[in-house]
Amino acid sequence: MGGILLAALLACASLAEGRMVEVTTRNFDAETSKPNLLLVFYAPWCGHCKRLEPALQQLASADDPGYRIGRCDGTEHRVLTQRFGVRGFPSLFYVRSRAEVIPYDGARGAKDIDHFLRKGYAGEARLGLMKSPFGPLGRLKGLCVAAGLYAVDLHAKLAVTVGDYPAMMAVACMGIVALIVVLILPLLFLA
């Protein structure tokens with residue numbers, strides 16, 4: 001009897017993990033390209049976030065909910081918190097599509113969030129073009145982050161073969177060239 005109960009709990013936990021994904025700066029674009037994602041920004045030290053966790057697990061383990069749950073550690077992925085305009089933890093955003101991002105400020109129970117995700121979002125205000133993480137400013141922040149991650153990865157690879165200081169100089173030179181290409185060359189074409 002105890003073995004059956006343990007097996008059922010493990011099955012529910014694995015189902016919840018399948019529908020709950022950890023969103024990072026590296027997988028953000030891939031995860032938000034799929035529709036119907038409840039993105040929860042949390043902090044590991046936040047008591048409110050810890051109290052919200054059982055409701056998120058319950059939502060993730062529900063049968064055919066029609067949505068996914070994504071968690072993002074806002075203390076570790078600060079650029080994503082800036083892109084979404086997060087001011088406190090936990091912050092919840094329903095990303096129905098890249099064109100439709102809806103902040104959720106309602107009650108934090110599983111039933112309340114489920115109702116919002118199924119049909120309650122209809123009357124809620126969407127983030128405007130300039131505040132959306134997928135708008136021009138959000139995308140610009142995203143490009144800056146991608147460039148920074150690329151530079152860090154490139155430095156790590158080069159440091160192994162040529163040493164730390166030469167790798168740092170190579171990445172800095174590439175950054176300067178990229179700035180010239182992005183900022184100065186368009187001005188020459190406009191003149």
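**Close-up views of a predicted model**

**View 1. The largest nonpolar core and its best-connected members.** In this predicted model, the largest nonpolar core holds 19 residues, and Leu38, Ile69 and Ile113 are the ones that touch the most other members. The elements giving two or more residues to this core are β2, α3 (47–60), β4, β5 and α5 (110–118). Helix α3 provides the largest share, with five residues. Look, too, for another core lying apart from this one: it has 14 residues, including Phe28, Leu39, Phe41 and Phe134.

**View 2. The surroundings of Ile113.** Which residues are in contact with Ile113, once its neighbours within four places in sequence are left aside? They are Leu38, Leu52, Leu59, Leu92, Tyr104, Ala107 and Arg108.

**View 3. Strand β4 and its two partners.** Strand β4 covers residues 91–97, and because five of its seven residues are buried, the strand is largely enclosed by the rest of the structure. Strand β2 (residues 37–42) runs antiparallel to β4 and is joined to it by five bridges; here you can find Leu38 opposite Tyr94. Strand β5 (residues 100–104) is also antiparallel to β4, with five bridges between them. A hairpin of two residues leads from β4 to β5, and Ser97 stands opposite Glu100 in this pair.

**View 4. A nonpolar patch on the surface.** Here you can follow a patch made up of Ile176, Val177, Leu179, Ile180, Val181, Val182, Leu183, Ile184, Leu185, Leu188 and Phe189. Together these residues have about 1,100 Å² of accessible area. To get your bearings, start at Ile176, which lies in helix α7 (residues 164–190).

Key
Residues numbered from 1 in each chain as written. Predicted model: local features only at pLDDT ≥ 70, side-chain atom pairs only at ≥ 80, totals over all residues. Heavy atoms only, no water. Buried < 20%, exposed > 50% of the residue type's maximum accessible area, 1.4 Å probe, protein only. Helix = DSSP H or I, 4+ residues; strand = E, 2+ residues; numbered from the N terminus. Pairing = 2+ DSSP bridges. Patch = residues over 30% accessible without salt bridge, like charges linked within 9 Å, V, L, I, M, F, W, Y side chains within 5 Å. Areas by Shrake-Rupley, 256 points an atom, 1.4 Å probe, with all protein chains shown as cover. Salt bridge = Lys/Arg side-chain N within 4 Å of Asp/Glu carboxyl O. Core = buried A, V, L, I, M, F, W, Y, C linked by side-chain atoms within 4.5 Å. Contact = heavy atoms within 4.5 Å.
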